[in-house]
Amino acid sequence: MINLYYRDAIGAIICYDLSDERSFNAVQYWVNEMIQNTTFEQGGFVMALAGNKCDLPPEQQRITSSVSLEFARKHQMIWSEVSAKTGQGVSEMFRSVAEKAA
């Protein structure tokens with residue numbers, strides 16, 4: 001993604017697949033992109049971390065809540081596990097980002 005698309009953004013929700021370790025490993029790249037190309041370090045940018053597919057059975061989930069929550073806390077991110085399939089947690093995640101950005 002060209003950084004021009006998010007340079008003037010006020011926030012980002014970075015998503016990963018709870019059943020795919022590669023997608024979680026890619027989160028660090030996007031966090032770095034946001035830090036380097038937005039006003040995050042000046043406090044003018046909201047980042048959130050969303051673990052998608054929380055509707056999967058626990059045995060199919062590869063990324064634990066504790067690992068992703070620790071990552072989110074380290075980077076001052078809003079954190080949630082969501083399901084794009086069922087809608088669980090999606091509205092709440094967007095609401096949290098909007099409230100913090102306001």
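Good morning. I shall begin with one pair of residues: the side chains of D17 and K53 meet in a salt bridge, with 2.9 Å from N to O. D17 belongs to strand β1 and K53 to the loop between β2 and α3, so this pair ties together parts that lie 36 residues apart in sequence. Please keep in mind throughout that we are looking at a predicted model.

In general terms, side chains of opposite charge can pair when their charged atoms come close. How accessible are the two partners here, D17 and K53? D17 has a relative accessibility of 16%, and because the limit for a buried residue is under 20%, D17 counts as buried. K53, with a relative accessible area of 34%, is partly exposed.

How many salt bridges does the count come to? The count is two. The other one joins D20 to R22, where the closest N and O atoms are 3.8 Å apart. D20 is partly exposed at 22% relative accessibility, whereas R22, at 66%, is exposed.

Let me now turn to the serines around D17. S19 sits in the loop between β1 and α1, the latter covering residues 21-25. Its side chain is joined to that of D17 by a polar contact of 2.6 Å. S19 is partly exposed, with 28% relative accessibility. Which residues does S19 touch, once those up to four places away in sequence are set aside? They are K53, L56, Q60, Q61 and R62. K53 is thus a name we have met already, as the salt-bridge partner of D17. As for R62, 43 residues separate it from S19 along the chain, yet the C-alpha atoms of the two are separated by 4.8 Å.

The next serine, S23, is found in helix α1. A polar atom of the S23 side chain lies 2.8 Å from the backbone nitrogen of D17. Neighbours within four places aside, S23 is in contact with Y16 and D17. Is S23 buried or exposed? At 19% relative accessibility, S23 counts as buried.

Let us move to the sheet. As a general point, strands of a sheet pair through backbone hydrogen bonds, either parallel or antiparallel. In this model, three strands form an open sheet, ordered β1-β2-β3, and the pairing is parallel. β1 and β3, the latter spanning residues 78-82, are the edge strands, each pairing on one side only. On average, neighbouring strands of this sheet are turned by 20 degrees against each other, direction ignored. Between β2 and β3 there are five bridges in the parallel sense, and N52 stands opposite V82 in β3.

Which helices pack on these strands? Helix α2 lies across β1 and β2, running at about 170 degrees to β1. Helix α4, residues 90-101, packs on the sheet as well and touches β1, β2 and β3. The direction of α4 makes about 165 degrees with that of β3.

We come now to the nonpolar residues. The largest nonpolar core has 18 residues, and V27, M47, L49 and M77 are those with the most contacts inside it. Which elements each supply at least two residues of this core? They are β1 (11-17), α2 (27-37), β2 (46-52) and α3 (65-74). A second, separate core has seven residues, among them A48, I78, V82 and M93. V82 is the residue that N52 stands opposite in the sheet. Returning to V27, and leaving aside its neighbours within four places in sequence, we find V27 in contact with I14, Y16, L49 and F71.

My last residue is S68, in helix α3. With a relative accessible area of 0%, S68 is buried. What does S68 touch, beyond residues up to four places away in sequence? The list is Y16, F24, L49, I63, W79 and E81. A polar atom of the S68 side chain also lies 3.2 Å from the backbone oxygen of S65. Finally, S68 and I78 are 10 residues apart along the chain, and their C-alpha atoms are separated by 11 Å.

To close, I would ask you to find three places in the model yourselves. One is the salt bridge of D17 and K53. Another is the parallel sheet in the order β1-β2-β3. The last is the core of 18 residues, in which V27 is among those with the most contacts. Thank you for your attention.

Conventions:
Residues numbered from 1 in each chain as written. Predicted model: local features only at pLDDT ≥ 70, side-chain atom pairs only at ≥ 80, totals over all residues. Heavy atoms only, no water. Core = buried A, V, L, I, M, F, W, Y, C linked by side-chain atoms within 4.5 Å. Buried < 20%, exposed > 50% of the residue type's maximum accessible area, 1.4 Å probe, protein only. Helix = DSSP H or I, 4+ residues; strand = E, 2+ residues; numbered from the N terminus. Contact = heavy atoms within 4.5 Å. Pairing = 2+ DSSP bridges. Axes fitted to C-alpha atoms, helices over the stretch in contact; angles between N-to-C directions. Polar contact = N/O pair within 3.5 Å; in protein donor to acceptor, adjacent residues only side chain to side chain. Salt bridge = Lys/Arg side-chain N within 4 Å of Asp/Glu carboxyl O.
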